[in-house]
Amino acid sequence: MRPDGCLHTEDLAPLLSSRTRLVACTLTSNALGSIVDVRAAADLAHAAGAEIFLDSVHFGPHGPIDVQAFDCDYLVCSGYKIFAPHMGFMWGRYDLLKQLPTFREDFIPDEPPGKIEAGTFIYENVAGMDAAVNYLAQVGRSLAGMSGTPDPKSLREDTRYAMNAIQVYEQKLSLELARVLRDCGAQVYGIMDDARVAERVPTFCFNLPGIQPQAVTEAAARADVGIRDGHMYAPRLMKRLNLPVETGAVRVSLVHYNTMAEIHRLGDVLGALRKRG
Ligand SMILES: Cc1ncc(COP(=O)(O)O)c(C=O)c1O
């Protein structure tokens with residue numbers, strides 16, 4: 001990671017060699033919100049004869065997951081960040097999944113997808129995932145001015161429409177939250193250059209000088225604003241930022257149903273804390 005809070009593919013190139021089998025990376029940082037240029041990473045990995053595995057969990061609610069555009073070999077996601085229950089899913093190139101050795105009983109055929117999803121599904125999670133996809137498709141349909149419930153034949157297009165529109169709206173949220181954080185004198189870790197807003201999702205990690213992260217989240221909670229503090233499951237990042245792992249930083253994670261008014265409510269909380277602190 002460079003000081004801008006981003007992974008740069010120029011730094012990946014020297015790490016690859018003909019001995020590299022797999023490059024695994026996230027699409028988006030769950031702590032800083034930076035989006036990785038995974039297509040460039042895939043091009044480098046493939047040129048070195050390696051495969052690429054992507055974790056799209058944090059990107060999931062913020063934009064279209066397009067395995068063809070990413071040119072990845074494997075991609076995993078988790079439903080709970082895309083408005084579904086906590087059920088993971090995986091996509092992989094069929095020929096690679098066919099060759100992939102998996103641990104399974106002999107009676108389970110060595111064929112994807114069954115070889116990696118043996119056993120009984122948790123049907124309530126599957127129903128929840130289906131509902132979440134239909135919800136997103138419905139968002140897409142209503143934004144496109146179409147009436148009626150989602151049509152299974154246009155699910156892909158409707159969902160893509162929604163995710164593209166969500167990306168546009170969320171960039172406005174990012175710009176406004178960045179402005180509010182700047183005005184409050186917060187130290188933000190990650191992209192703060194408005195011109196680079198397309199390189200991030202509206203997940204912001206910051207600290208208010210001299211104020212404990214937990215005190216910030218507690219004050220926000222009293223104003224009915226739910227944010228969190230801590231190491232965000234990224235203790236090495238906290239160390240890199242010279243922050244104590246035990247207390248870490250504050251994180252605000254916005255999605256498409258958040259509003260400018262909510263950002264301003266948070267701004268009032270932060271402003272009052274700064275005045276008092
Ligand atoms: C990038 C990323 N990967 C993985 C996870 C964890 O997902 P799960 O709990 O489904 O393993 C998260 C959750 O915060 C995440 O943001």
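# Exercises on a Predicted Structure

Ring pairs join Phe83, Tyr135 and Tyr257 into a cluster. The model examined in these exercises is a predicted one.

## Exercise 1: Aromatic rings

**Task.** Determine how many aromatic pairs a search of the whole structure finds, and classify the pair of Phe83 and Tyr135 by its geometry.

**Solution.**

Step 1. The search of the whole structure yields five aromatic pairs.

Step 2. For Phe83 and Tyr135, the ring centres are 6.1 Å apart and the planes stand at 75°. Planes over 60 degrees apart count as edge-to-face, so this pair is edge-to-face.

Step 3. Next, locate the two partners. Phe83 belongs to the loop between β3 (74–78) and β4 (88–92), whereas Tyr135 belongs to helix α5; the two are 52 residues apart, and the pair links distant parts of the chain.

Step 4. Finally, consider accessibility. Phe83 has a relative accessibility of 27% and therefore counts as partly exposed. Tyr135, at 35%, also counts as partly exposed.

Step 5. A further pair is formed by Phe121 and Tyr123, with 6.3 Å from centre to centre and 50° between the planes, and this pair is tilted. Phe121 is partly exposed at 39% relative accessibility, while Tyr123 is exposed, its relative accessible area being 54%.

## Exercise 2: A charge over a ring

**Task.** State which ring lies beneath the charged end of Arg200, and give the distance to its centre.

**Solution.** The ring is that of Phe204, and the charged end of Arg200 sits over it, 3.7 Å from the ring centre.

## Exercise 3: The packing of two helices

**Task.** Describe how α5 and α6 pack, and explain why they are called roughly perpendicular.

**Solution.**

Step 1. Two packed helices are described by the angle between their axes and the distance between the axes.

Step 2. For α5 and helix α6 (residues 155–183), the angle is about 75° and the axes are 7 Å apart.

Step 3. Angles of 65 to 115 degrees count as roughly perpendicular, and α5 and α6 are therefore described in this way.

Step 4. On the side of α5, the residues making the contact include Val133, Leu136, Ala137 and Arg141; on the side of α6, they include Leu155, Asp158, Tyr161 and Ile166.

Step 5. Sorted by class, the contact of α5 with α6 has eleven nonpolar, three polar and two charged residues.

## Exercise 4: The surroundings of Arg141

**Task.** Decide whether Arg141 is buried or exposed, and list the residues in contact with Arg141, leaving aside neighbours within four places in sequence.

**Solution.**

Step 1. Arg141 is part of helix α5 (residues 123–143).

Step 2. The relative accessible area of Arg141 is 10%. Buried means under 20%, so Arg141 is buried.

Step 3. Apart from neighbours within four places in sequence, the residues in contact with Arg141 are Met146, Ser147, Gly148, Thr149, Pro150, Asp151, Ser154 and Asp158.

## Exercise 5: Helix α2 and its cover

**Task.** Name the buried residues of α2 and some of the elements that cover them.

**Solution.**

Step 1. Helix α2 comprises residues 38–47, and Val38, Ala40, Ala41, Ala42 and Ala45 in this helix are buried.

Step 2. Their cover includes α1 (9–12), β1 (22–26), β2 (51–55) and α3 (67–70).

Step 3. Just after α2 comes Gly49, which takes a positive phi of about 85°.

## Exercise 6: Backbone features in loops

**Task.** Describe the backbone at Pro113, Met232 and Asn242.

**Solution.**

Step 1. Pro113 lies in the loop between α4 and α5. The peptide bond leading from Pro112 to Pro113 is cis, with omega near 0°.

Step 2. Met232 lies in the loop between β7 (228–230) and α8 (235–240). Although Met232 is not a glycine, its phi is positive, at about 55°. With a relative accessible area of 2%, Met232 is buried.

Step 3. Asn242 lies in the loop between α8 and β8 (249–253). Asn242, likewise a residue other than glycine, has a positive phi near 60°. Its relative accessibility is 70%, so Asn242 counts as exposed.

## Exercise 7: Distance in sequence and in space

**Task.** Give the separations in sequence and in space for Val225 and Arg265, and for Pro101 and Leu175.

**Solution.**

Step 1. Val225 and Arg265 are 40 residues apart in sequence, with 7.8 Å from C-alpha to C-alpha. Val225, in the loop between α7 (213–222) and β7, is buried at 13% relative accessibility. Leaving aside neighbours within four places in sequence, Val225 is in contact with Ala220, Arg265 and Leu266.

Step 2. Pro101 and Leu175 are 74 residues apart in sequence, with 46 Å from C-alpha to C-alpha. Pro101 is located in the loop between α4 (94–99) and α5, and is exposed, with a relative accessible area of 72%.

Definitions and conventions:
Residues numbered from 1 in each chain as written. Predicted model: local features only at pLDDT ≥ 70, side-chain atom pairs only at ≥ 80, totals over all residues. Heavy atoms only, no water. Helix = DSSP H or I, 4+ residues; strand = E, 2+ residues; numbered from the N terminus. Buried < 20%, exposed > 50% of the residue type's maximum accessible area, 1.4 Å probe, protein only. Contact = heavy atoms within 4.5 Å. Axes fitted to C-alpha atoms, helices over the stretch in contact; angles between N-to-C directions. Parallel < 35°, antiparallel > 145°, perpendicular 65-115°, else oblique. Nonpolar A, V, L, I, M, F, W, Y, C, P; charged D, E, K, R; others polar. Phe/Tyr/Trp six-rings, centres within 6.5 Å; stacked < 30°, edge-to-face > 60°. Lys NZ or Arg CZ within 6 Å of the ring centre and 35° of its normal.
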